[in-house]
Amino acid sequence: MQILITGANGFVGKNLVAELENRGYKNLYLYDRENTKADLEEWTNDCEFVFHLAGVNRPEKEEEFMEGNADLTSELIELLEKNGNQAPIMISSSIQAEKDNPYGKSKKAGEDLLLEYSQRNNVPVYIYRFSNLYGKWSQPNYNTVVATFCHNMARDIPIQVNDPSVEITFQYIDDVVNELINCLEGNPTKSGQFYDVPEKDTRTLGEVAELIQSFKESRQNLEVPNMSDSFTKNLYSTYLSFIPEDNFSYKLKMNEDDRGSFTEFLRSPDRGQVSINVSKPGITKGQHWHHSKNEKFLVVKGNGMIRFRKVGEDKVIEYPVSGEELEVVDIPTGYTHSIVNTGEEEMVTVMWVNEPFDPDNTDTYYLEV
């Protein structure tokens, strides 16, 4: 299938092209600013579907709205008609098309041109009015406020929130791309006269700013965002895509002593915390028990022994552990427990506990196994 994509290097275009290629589509005509009218004329000759994504959001001059959003649409239609090509067309419009501003007027003009073309030639046209798209590869100070906030916060640049109570409806780029491919494959989502992406999230500007700020702070407090909320999960993925390339990594605080080290890795209010424990040969750690706190130990390097004794009883239970055969050991409540390095090298254990450490309520009681 020959697919023409205008605006192929833009935010939506790059994501769409990447996923089309992931799904095995190969014959893609990628039209962008560096291409010529001759390219467009050639590709409109035999393309079988058109994604018309090219457009202008924030030009230097107001007249560029019409040039980028309406004039190119007119040129595309003219070439399709000249070539007698009745390929279906999807166009990227905006909810701003309902409003009386230069950007909205230019988007509405592009819509009207396509609707007239559709009626004139009996060609399927799919007009999508998007609202505040966000995701990877978007541009700050151009595509979306999310891109601007993510870009600035990741670089310690101040952001401006004029009215934190303003509500905005957002659509995530992966959902947009899935819908566009559904449209290509004959299953678009109709919404009144137009077409739309069914997945949407409405948040206040203040909420968005606070969430992105929390993502930045997570490198210090180690808190994992609440991934059960799709908007938070998608927004976090977007934020990560804006981290400067020389700042992908961050150091953790290692609590070291003559026994080895203990380093907290991740924590969350409802899913507990993950830490990395390093024990030197012959060292025993633990020797305590919990009322309600519970843990999982996974030795990933070295050899050791995890010992248990139910509080109030004498029987000792032993579980040998090794990094050569990964095995998770649950640490039940009511059992005092210890872990000893029985090997000749450092033993590394990944430890999960069901709640973050609370110095005011440790639920940890010393008792030798």
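This is a short tour of one pocket, one helix and a few cysteines in a predicted model.

**Stop 1: the second largest pocket.** Start by selecting F262, H288, E295, M351 and F357. Among the residues lining the second largest pocket, these lie nearest its centre. The lining has 27 residues in total, and the pocket's volume is about 650 Å³. Try colouring the lining by residue class: you should find six nonpolar, 13 polar and eight charged residues.

**Stop 2: the strands around that pocket.** Now show β11 (254-257), β12 (260-268), β13 (272-279), β14 (284-289) and β15 (295-301), then add β19 (335-341) and β20 (347-353); each of these strands supplies at least two residues of the lining. Which strand gives the most to the lining? Pick β12, which contributes five residues.

**Stop 3: helix α2.** Move to residues 37-46 and look along the helix axis. The buried residues of α2 are L40, W43 and T44. Because they cover an arc of only 100° around the axis, they sit on the same side of α2. Turn to the other side of the helix, and you will meet A38 and E42, which are exposed.

**Stop 4: the cysteines.** How many disulfides does a search of the whole structure find? The result is zero. Select C47 as an example: C47 is in no disulfide, and the nearest cysteine sulfur, that of C183, is 14 Å away. Is C47 buried or exposed? With a relative accessible area of 3%, C47 is buried. Finish at C150, which is also buried, with a relative accessible area of 0%.

Notes:
Residues are numbered from 1 along each chain as its sequence is written. This is a predicted model: local features need pLDDT of at least 70, side-chain atom pairs count only at pLDDT 80 or more; totals for chains, interfaces and linings use all residues. Side-chain values use heavy atoms; hydrogens and water are left out. On a 1 Å grid over the protein atoms alone, a cavity is a set of points where a 1.4 Å probe fits but cannot get out, and a pocket is an open set with protein on both sides within 12 Å along at least five of seven lines; lining residues have an atom within 4 Å of a point. Grid points are joined across faces, edges and corners, and a volume is the space filled by probe spheres set on the points. Helices (H or I, at least four residues) and strands (E, at least two) are DSSP runs, numbered from the N terminus. Ala, Val, Leu, Ile, Met, Phe, Trp, Tyr, Cys and Pro count as nonpolar, Asp, Glu, Lys and Arg as charged, and the others, Gly among them, as polar. Buried means under 20% relative accessible area, exposed over 50%, partly exposed in between (1.4 Å probe, protein chains only). The arc is that of the directions from the helix axis to the C-beta atoms. A disulfide is a pair of cysteine sulfur atoms within 2.5 Å.
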